Amino acid sequence: MGTDTETTMVPVIVGYSDSARGMRLRLRFDDRELVVDERPSKITIGRAGENDVVVKGRLSSRRHARIEIGRSKFVLIDQSTNGTFVQTGDGEELFIRQDVLQLKGHGMIGLGGVPEQGSQHTIHFTCEEI
């Protein structure tokens, strides 16, 4: 007795995008502001001049971290030796090293040290719906 086997292909969903549609990220640092929505999909942060956000602190690595934008969220990825500190708007203090953290709401980022209000090495972030 023979059996027929059939292969069914799932249709491709056209128009899907990994970008953060409807979201915007504001980064404020050293009297400058960088506003990111759908492009670029990655922001680099570190001591080296070729980064999108240059922080010349003694504890920051040349390529300290990056923020990737996708699926309606912003993800901070630490790739440093000293780690990254995040203080959220509600006062929660987080530390990551060679790890990932989703950014939500607003707060401050410190490269290699605790972020301090008024410091030129502190990056302020705000995630907004648009």
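How many bridges join strand β7 to strand β8, and do the two run parallel or antiparallel? The legends below describe close-up views of a predicted model, and the view of these two strands comes first.

**Figure 1. The hairpin of β7 and β8 in the predicted model.** Strand β7 covers residues 84–88 and strand β8 covers residues 93–96. The two strands run antiparallel and are joined by four bridges. Within this pairing, Thr 84 stands opposite Ile 96 of β8. Four residues lie between the strands of the hairpin. Gly 91, in the turn, has a positive phi of about 90°.

**Figure 2. Surroundings of Thr 88 in strand β7.** Thr 88 has a relative accessible area of 18%. Because the limit for a buried residue is under 20%, Thr 88 counts as buried. Its side chain makes a polar contact with the side chain of Asp 90, at 2.4 Å. With neighbours within four places in sequence left aside, Thr 88 is in contact with Leu 94, His 106 and Gly 107.

**Figure 3. The open sheet of five strands.** The strand order is β4-β3-β5-β6-β9, and the pairing is mixed. β4 (53–54) and β9 (100–103) stand at the edges. Each of these edge strands has a single partner strand, so one side of each is left without a neighbour in the sheet. Strands of a sheet pair through backbone hydrogen bonds, in either the parallel or the antiparallel sense. Strand β3 (residues 42–46) pairs with β4 in the parallel sense, over two bridges. Ile 45 stands opposite Val 53 in β4.

**Figure 4. Asp 30 and Asp 31 in the loop between β1 and β2.** The loop that holds Asp 30 runs between β1 (23–29) and β2 (32–36). Most residues other than glycine have a negative phi. Asp 30, although not a glycine, has a positive phi of about 45°. The phi of Asp 31 is also positive, near 60°. Asp 30 is partly exposed, with a relative accessible area of 39%, whereas Asp 31 is exposed, with a relative accessible area of 85%.

**Figure 5. Surroundings of His 124 in strand β11.** Strand β11 is made up of residues 122–129. His 124 counts as buried, at 17% relative accessibility. The side chain of His 124 makes a polar contact with the side chain of Gln 117, at 3.4 Å. Residues up to four places away in sequence are not counted among the contacts of His 124. On that basis, His 124 touches Arg 26, Leu 27 and Arg 28, and also Gly 107, Met 108 and Gln 117.

**Figure 6. The largest pocket of the model.** This pocket has a volume of about 230 Å³. Its lining consists of 15 residues. Leu 59, Leu 111, Gly 113, Val 114 and His 121 are the lining residues that lie nearest the centre of the pocket. By class, the lining has eight polar, five nonpolar and two charged residues.

Notes:
Residues are numbered from 1 along each chain as its sequence is written. This is a predicted model: local features need pLDDT of at least 70, side-chain atom pairs count only at pLDDT 80 or more; totals for chains, interfaces and linings use all residues. Side-chain values use heavy atoms; hydrogens and water are left out. Two strands pair if DSSP finds at least two bridges between them. On a 1 Å grid over the protein atoms alone, a cavity is a set of points where a 1.4 Å probe fits but cannot get out, and a pocket is an open set with protein on both sides within 12 Å along at least five of seven lines; lining residues have an atom within 4 Å of a point. Grid points are joined across faces, edges and corners, and a volume is the space filled by probe spheres set on the points. Ala, Val, Leu, Ile, Met, Phe, Trp, Tyr, Cys and Pro count as nonpolar, Asp, Glu, Lys and Arg as charged, and the others, Gly among them, as polar. Buried means under 20% relative accessible area, exposed over 50%, partly exposed in between (1.4 Å probe, protein chains only). A polar contact is a pair of N or O atoms within 3.5 Å; within protein, one must be able to donate a hydrogen and the other to accept it, and residues adjacent in sequence count only if both atoms are side-chain atoms. Contact means heavy atoms within 4.5 Å.
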